[in-house]
Structures are given as C-alpha cells and as structure tokens.
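Got the viewer open? Let's take a walk through this chain, one selection at a time.

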Amino acid sequence: MTRRHGYSVLSALVALIVALSAAIYFGVAAGNGSPLGTVTDGRGHRDSTAAPVSTGTWVGAWSASPTGAEPGTETTGLAGRSVRNVVHASVGGTSARITLSNLYGQSPLTVTHATLAVAAGDDTAEAAVGTMRRLSFGGGPGVVIPAGGQVLSDAVRVAIPHDTDVLVTTYSPTASGPVTYHPHARQVSYVAQGDRTEDATGASYTEQSPNWRYLTALDVLSNESDGTVVVLGDSLTDGITSTVGANHRWTDVLSERLRAALAGGADLPRYSVVNQGISGNQVLTDGLGRPADNPSGLSRFGRDVLSRTNVKVVVIDLGVNDILRNPALVDPDRITDGLRTLVRQAHARGLKVVGATLMPFGGHLGYTPARENVRQQVNARIRAGLVYDAVVDFDKALRDPYDPRRLRSDYDSGDHLHPSDKGYERMADAFDLRELEGAGQAEL
C-alpha cells in the first residue's frame, strides 16, 4: 500500500466515524437516550440540554398533567377532526418540541399530521405569519401512540417569544377511544372538521374547547433559561377560578416576576416555570379507574415532576383536598408523611423542594372545626421545617387578619376556597425568588 493510498483510506475511515457520531448525537437529542419521536410507556423521559438544530438549553415552556379520559369520547375519540391546543410559553426559544399522551386511551392513537405555530395574538386560532411548522416524529410525519403511551416529537426550528401563546395542532383520522385530556384549562382551544392542521388563518376552527387534549408539554431550546421549576398542586395551582385566557394563575405571575427581576439585573437562577396542577388533586388518594383519573401526588410525581425537562426546583402545594374530600377525618401525620415521601424522591435527584402552607377555607361547604384543626397541624409541621427545604407561607399571605380561618375577602373568588385573580397574584408575590437558589438538603 502506498503512503498516498494509506492516507486516503484513513481519511475515509475518519469521515465515516464522524458521520456515524453525528447521527448518534442528533438521534438521542430528545433527552431520554432514544431517538426523537420514540414512543414511550407514558412514564416520561430524562432531561437533555442537547440541541438538535441550534444551541441553548432545553427547558419546559409549558406543561399540563394528563388528568383522565374525556367524557363523550369513549368510542370514536376525535376521529376526523383537527385539535388546536392553545398554550402559553413562559420562556422563549429558538426551537421547540412537544409531548403527546395517550395515557387514558384504550386503543392506539394514530396522529397523521401535526403542526406548531406562534399564535397571531390572544384568544385566536390564527397563526402568526411565517411561524407554521410541520412536526415530525422519528423523522416521519405521523406516529401511532399505543394505549397508555406518550411520544416526544422531533424538534423544529421556530422563534418563540416568551410570554406568548403557541398553537399545537394534531389530526387523527381514525377512532382512538377515550381522549386523554386536561379539563379546566382556563384557556380556549379549538377544533375543526377534517385535516386543517396547516390552516394558518384559523378560519376553519369554529368549535371552541375549554380543555387541553393529548398535549402535555411544550419544550423550547432557550438562551434565556437554564432550567425548569415544576409546580405540583391542585386546583389552587391549576387556577380554576382565574380569568379565562388571561394567564392569571399564580404560576404565570411567578414566571413574570422572575423574568422581570432578571431583566432588572437580579442575581437569580434563570428558570422557566411549568404548572402541574390538577383540580381536586390529593397527596394520598387516587381517583377511580385504571389508570386512575386524577392520580395522587404520590402516584404521579415521577411522571409529572421528575420527568419534566431539565427540572431544577420543585414547588409543592398539596394537602387541602386530602382534608376536604375524605369523609373520615384524615390524620395530619399521613399528609405530612406523604409530602416527605415526595421530598425524598426529589432529593434523590438533587432537587430542591419549596413547599406551601395550606390556605384557609373557612366558609366553604366542607369546612368544619375538626378539619381546620388538621390544617393547622399540617401547617405547623411545614413552618417548623419538618417537611420541605424552604417554605412559602400562602396561608399567612392570603388569610383574613381578623378571621384567620378565612381568605381575605378581596383574595376570595367567592367560594371561600379558591382565590380571585388578585389572590393568585398575592400568592406569587409571597414567593421569595431567592428560594429558587441552591439544592435540596440531604435529610430533613
């Protein structure tokens, strides 16, 4: 072999190795060690900061917990219709990817066409000019998600500004059985007849929906955020009484506060905030069915918190429904033991946990002095530092100073349990942003 021929062979081998390495790198950029578009069993995917089409950090921009099977969809699902979910991105990015869930489906969900676009404005199904992108899954235009499974899409390059609405549209031509959904979205989404996934005008989307369907996460490749804060909660986090379409959940306001503080030069972590609230959720008790509707905090913590993209801090606001929704009086030790279990799981991942005191519900139909006593005992343990790494005292921030068993009247939506928009804003204002710094303790 001549020297020149040897160099040619060596160059060819190097080129082959580089090509194979690049293929492997881009293939695993989804964050779970599997190719983008890989269908999983619904338990989630690990984090990744790899960038398939640009540079930056993958973070959660929006999320919602799958809650149950949508009533009325048991037979045909939404076959032959385009579902356009409207979600609000807490941070911006240069690329995006989504997670679709068929957790509550009883047969495979076939998605033949999916798109993502920046919304042209508030309360609209119209896409901003030049932002409509076709989504792919493992390089193909469609995907079949088995019952109980979920899928992460390939990333698409698109400029998504922070604090803006994003349209995610899916089309399924065949009957799929129960639709996995999140009710009480406090956001209007849309449905159209036929495959209208690339209708940028939104004119064909004549049906409105109060639910999010199939979509459970929007991630962005961000240059303005380095990680994700995941908030686990019930209706108080879900924002069930907040103004529809206004993004007045307390987590929305918290995200705005953090972004404003960073813009003002504050030395704080650059984090996005995502909401994993489910109305009626409890720490200890699942709903009915298999898989369970409204799964408990203990049941869903791995899926809804630990599997979120690049999670850095966990915030927990759970426990009120364990007190209100149980016919028998719940033992406060059981609630705090359940919360400590969640904290230990987060600590095993090196995550800090900020926990909230339970807000008052005096005047609510479920109020009794005995239940109030349980709430006070749980709060005493939380304030004493026996549950979380750090505490946000929502009880102190929103209670009526003249009757601490009740919400202050201007913070009360009227049902004596859920806050008004002003109350949700007060919750976010009570959160010390410096508590987002640092890691979890080894032991509490």
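Start with H3 and H9, which lie oblique to each other, because oblique is the label for any angle left over once under 35 degrees is called roughly parallel, over 145 roughly antiparallel and 65 to 115 roughly perpendicular. Before you click further: this is a predicted model, where local features need pLDDT of at least 70, side-chain atom pairs count only at pLDDT 80 or more, and totals for chains, interfaces and linings use all residues. Residues are numbered from 1 along each chain as its sequence is written, and side-chain values use heavy atoms, with hydrogens and water left out.

**Stop 1: H3 against H9**

Select 250–263 for H3 and 421–430 for H9. The H and E labels are DSSP runs numbered from the N terminus, with helices (H or I) of at least four residues and strands (E) of at least two. Two packed helices are described by the angle between their axes and the distance between the axes. Here the axes come within 8 Å and cross at roughly 45 degrees. Those axes are lines fitted to C-alpha atoms, for helices over the stretch in contact, and the angles run from 0 to 180 degrees between N-to-C directions. The crossing of H3 and H9 is right-handed, meaning that the near helix is turned clockwise from the far one by less than a right angle (anticlockwise would be left-handed).

Now show side chains. On the H3 side pick Trp250, Val253, Leu254 and Arg257, which meet Tyr424, Glu425, Met427, Ala428 and Asp429 of H9; contact means heavy atoms within 4.5 Å. Sorted by class, the residues of this contact come out as 6 nonpolar, no polar and 3 charged. In that sorting, Ala, Val, Leu, Ile, Met, Phe, Trp, Tyr, Cys and Pro are nonpolar, Asp, Glu, Lys and Arg are charged, and the others, Gly among them, are polar.

**Stop 2: down the barrel of H9**

Which residues of H9 are buried? Colour Gly423, Tyr424, Met427 and Ala428. Buried means under 20% relative accessible area, exposed means over 50%, and partly exposed is in between (1.4 Å probe, protein chains only). Turn the view to look along the axis of H9: its buried residues fall within an arc of 145 degrees, so they line one face of the helix. The arc is taken from the directions from the helix axis to the C-beta atoms. Add the cover over these residues, which includes H2 (235–238), H3, strand E20 (311–317) and H8 (394–398).

**Stop 3: H4 and its partner H6**

Next, select H4 (297–306) and H6 (332–347), whose axes are 10 Å apart at an angle of about 25 degrees. That makes H4 roughly parallel to H6. Their crossing is right-handed. Gly297, Leu298, Phe301 and Leu306 in H4 touch Gly338, Thr341, Leu342, Gln345 and Ala346 in H6, and this contact has 5 nonpolar, 4 polar and no charged residues.

How much of H4 is buried? The count is 7 of its 10 residues, so H4 is largely enclosed by the rest of the structure. Label them: Gly297, Arg300, Phe301, Arg303, Asp304, Val305 and Leu306. Their cover includes strands E18 (227–233), E19 (271–277) and E20, along with H6.

**Stop 4: a cis bond on the way in**

Step back to the loop between E19 and H4, home of proline 291. The peptide bond leading to this proline from arginine 290 is cis, with omega near -5 degrees.

**Stop 5: isoleucine 323**

Go to H5 (320–324) and pick isoleucine 323. Is this side chain's residue buried or exposed? Isoleucine 323 is buried, at a relative accessible area of 2%. Beyond its neighbours within four places in sequence, isoleucine 323 contacts Val330, Ile335, Leu358, Phe361, Arg371, Val374 and Arg375.

**Stop 6: two positive phi values**

Histidine 184, in the loop between E13 (180–182) and E14 (189–193), has phi near 55 degrees, a positive value in a residue other than glycine. Histidine 184 is partly exposed at 39% relative accessible area. Asparagine 247, in the loop between H2 and H3, also has a positive phi, of about 55 degrees, but asparagine 247 is buried at 10%.

**Last view: zoom out**

The whole chain holds 9 helices and 24 strands, and buried residues make up 55% of its 444 residues.
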